[in-house]
Amino acid sequence: MSLVRKKTIEQSIADTDEPEYQLKKRLTAVDLTVFGIGVIIGAGIFTLTGRAAKLYAGPGIALSFVLAAVCCALAALCYAEFSSTVPVSGSAYTFSYFALGEIFAWIIGWDLLLELMLGASVVAQGWSTYAALFLDQIGLGWPSSIGPDSNVNVLAMLLVLVLATLATIGIKESLRVNLVLVAIKLFVVLFVIVAGLFYIKGSNLTPFIPPSVETPDAGVTITTPLFQALFGFTPSTFGVMGLVSGASLVFFAFIGFDVVATTAEEAKNPQRDLPRGIIGSLAICTVLYVLVCIVITGMVKYSDISGEAALAEAFRSVGRGGFATLISAGAVAGLTTVVLTLMIGAARVVFAMSRDHLMPRELGKTHPKWGTPYRLTIGIGVLVAIVAGVTPIGKLEEMVNIGTLAAFTLVSIAVPLLRRSRPDIQRSFRVPGNPVIPILAALICLYLMLNLSLETWLRFAIWMVLGFVLYAVYGYRRSRVGLEERTGEVQKA
């Protein structure tokens with residue numbers, strides 16, 4: 001028996017017709033695009049823009065966002081080809097199973113679980129901070145003893161549990177709520193852009209790319225980027241390299257478009273709508289990010305930008321403190337959609353793994369009325385609520401990033417490999433410039449991973465060891481593909 005045994009594409013598609021594991025096909029291209037926008041536009045646009053401009057690139061941070069968007073677009077093309085060709089839940093996990101083999105599929109599934117569940121917990125904590133601020137601004141308030149800075153963050157836990165209930169009832173119902181919240185935060189973002197244009201000063205945008213400043217070399221520590229530790233490279237801020245450093249940071253404001261691929265099985269016309277949803281949401285968010293960057297660095301000198309609440313502080317600096325309430329409301333709406341989308345994505349990944357018996361198969365069964373993996377959705381909601389409520393996340397946010405980049409890398413590599421091994425498959429969308437574009441996407445993702453700290457890599461290694469132990473004890477022995485390999489028959493659930 002082989003660790004790289006593969007599940008055939010035909011079997012992956014056939015599995016979607018099993019009654020106990022069947023998801024309802026209810027999503028359109030608009031639903032998928034809104035789904036992508038809902039998860040991409042979140043904390044990044046409200047805080048990350050200002051921090052990246054202040055620390056790395058100055059007004060040139062707009063170019064950093066463009067560079068990061070190009071990098072994401074390369075990976076997005078690979079996701080679009082896979083998800084439209086094989087419209088099955090699981091995203092990169094499913095793609096890796098039939099392109100690279102079971103052990104790679106497990107690695108990616110385990111990575112995605114880390115990305116989506118921990119990401120939802122982190123964002124839920126961020127949401128609670130904005131929600132408490134918003135409640136204070138409108139005169140209601142929230143008890144500090146159970147607030148964001150307490151030992152038990154009840155506000156974050158309530159959000160997660162409500163959203164888990166909504167996601168359990170149905171994907172379409174979840175996206176209706178998502179649509180309303182996305183509309184609110186898009187209105188706020190557009191309001192910020194239009195209102196901010198009247199307060200832009202040309203002097204704040206000069207120089208657009210500040211002169212390079214070399215970062216002092218403090219030696220190798222646990223927080224040193226792996227690339228620097230390996231090659232002795234001393235990073236710099238501002239200048240051209242500052243743009244690259246800024247892109248490494250703001251890249252993570254885009255992660256989430258891959259979650260659209262986890263809903264492939266629920267799309268009405270996946271061959272047409274999935275590429276539109278993935279690429280469309282990425283394009284819309286890129287334009288908004290760039291405009292926000294220009295506005296915020298035009299309103300406030302980059303060296304004076306707040307690293308925590310950049311947009312709100314920018315308007316306070318020009319005497320428009322009243323806009324802070326509106327911005328807080330937009331942040332609350334924005335982060336709500338991110339938490340909802342990440343939890344739905346996590347449930348769909350584990351759903352695919354349980355259908356393949358790499359996770360307990362009973363977990364993946366869908367509700368006869370709602371058509372959702374209700375046990376998984378409830379279980380993931382409880383876990384996310386606990387982590388968000390009682391765990392100080394701190395620097396664990398970077399673990400979300402490393403899991404995502406690992407998935408991007410393997411999906412990019414898998415495109416040319418599957419082109420060679422299965423040229424007969426009908427592909428409704430094809431990555432242009434194969435194999436150059438997929439290889440370039442993989443190399444960029446690897447470079448960004450190397451820019452993460454040694455601490456992050458150590459924690460990632462521990463997470464992966466736990467995953468390998470679970471696979472050896474449970475997944476390898478019970479794998480549906482493994483059973484087929486031993487018996488020569490396709491195993492039914």
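What follows is a friendly conversation about a predicted model, in which each label is set against its definition.

Biologist: Let's start with two long-range partners. What makes α4 and α11 roughly antiparallel to each other?

Modeller: The axes of α4 (residues 61–85) and α11 (residues 270–299) cross at roughly 175 degrees. Angles over 145 degrees count as roughly antiparallel, and therefore the label fits this pair. The two axes also come within 10 Å of each other.

Biologist: Which classes of residue make up the contact of α4 with α11?

Modeller: The contact holds 21 nonpolar residues, five polar and no charged.

Biologist: And why is α12 called roughly antiparallel to α13?

Modeller: The reasoning is the same kind. The axes of α12 (residues 310–317) and α13 cross at roughly 170 degrees and come within 9 Å. With the cut-off at over 145 degrees, α12 is therefore roughly antiparallel to α13.

Biologist: Which residues meet there?

Modeller: From α12 come Leu311, Ala312, Phe315 and Arg316, and they meet Phe323, Ala324 and Ile327 of α13. By class, that contact has six nonpolar residues, no polar and one charged.

Biologist: Now to α17. How do you know that the distance between its end C-alpha atoms agrees with the expected span?

Modeller: The helix α17 (residues 454–478) has 25 residues, and at 1.5 Å a residue these should span 36 Å. Its end C-alpha atoms are 35 Å apart, so the two values agree.

Biologist: Where does α17 bend, and by how much?

Modeller: The bend is at tyrosine 471, and it is about 50 degrees. Tyr471 is also one of the buried residues of α17, along with Glu455, Thr456, Phe460, Met464, Gly467 and Gly475.

Biologist: What does helix geometry say about residues a few places apart?

Modeller: An α-helix has 3.6 residues a turn, so residues three or four places apart point the same way.

Biologist: Let's test the burial labels. Why is alanine 29 counted as buried?

Modeller: Its relative accessibility is 17%, and buried means under 20%, so alanine 29 counts as buried. Alanine 29 sits in helix α2 (residues 29–40). Apart from neighbours within four places in sequence, alanine 29 is in contact with Asp273, Arg276 and Gly277.

Biologist: What makes tryptophan 142 partly exposed?

Modeller: Its relative accessible area is 28%. Partly exposed lies between the buried limit of 20% and the exposed limit of 50%, so tryptophan 142 takes that label. This residue is found in the loop between α6 (102–137) and α7 (154–169). Setting aside neighbours within four places in sequence, tryptophan 142 has contacts that include Leu135, Asp136 and Val154.

Biologist: Is histidine 357 buried or exposed?

Modeller: Its relative accessible area is 7%, and with the limit for buried at under 20%, histidine 357 is therefore buried. Histidine 357 is in the loop between α13 (323–355) and α14 (374–390).

Biologist: What is notable about phi of histidine 357?

Modeller: Phi is near 65 degrees, a positive value in a residue other than glycine.

Biologist: Last topic, the prolines. Which peptide bonds are cis, and what are their omega values?

Modeller: One runs from threonine 206 to proline 207, with omega near -5 degrees. Another runs from asparagine 434 to proline 435, with omega near 5 degrees.

Biologist: Where do proline 207 and proline 435 lie?

Modeller: Proline 207 lies in the loop between α8 (171–197) and β1 (213–214). Proline 435 has its place in the loop between α15 (397–421) and α16 (436–450).

Technical notes. Residues are numbered from 1 along each chain as its sequence is written. This is a predicted model: local features need pLDDT of at least 70, side-chain atom pairs count only at pLDDT 80 or more; totals for chains, interfaces and linings use all residues. Side-chain values use heavy atoms; hydrogens and water are left out. Axes are lines fitted to C-alpha atoms, for helices over the stretch in contact, and angles run from 0 to 180 degrees between N-to-C directions. Helices (H or I, at least four residues) and strands (E, at least two) are DSSP runs, numbered from the N terminus. Angles under 35 degrees count as roughly parallel, over 145 as roughly antiparallel, 65 to 115 as roughly perpendicular and the rest as oblique. Ala, Val, Leu, Ile, Met, Phe, Trp, Tyr, Cys and Pro count as nonpolar, Asp, Glu, Lys and Arg as charged, and the others, Gly among them, as polar. The expected span of a helix is 1.5 Å times one less than its number of residues. The bend at a residue is the angle between axes fitted to the seven residues ending there and the seven starting there. Buried means under 20% relative accessible area, exposed over 50%, partly exposed in between (1.4 Å probe, protein chains only). Contact means heavy atoms within 4.5 Å.
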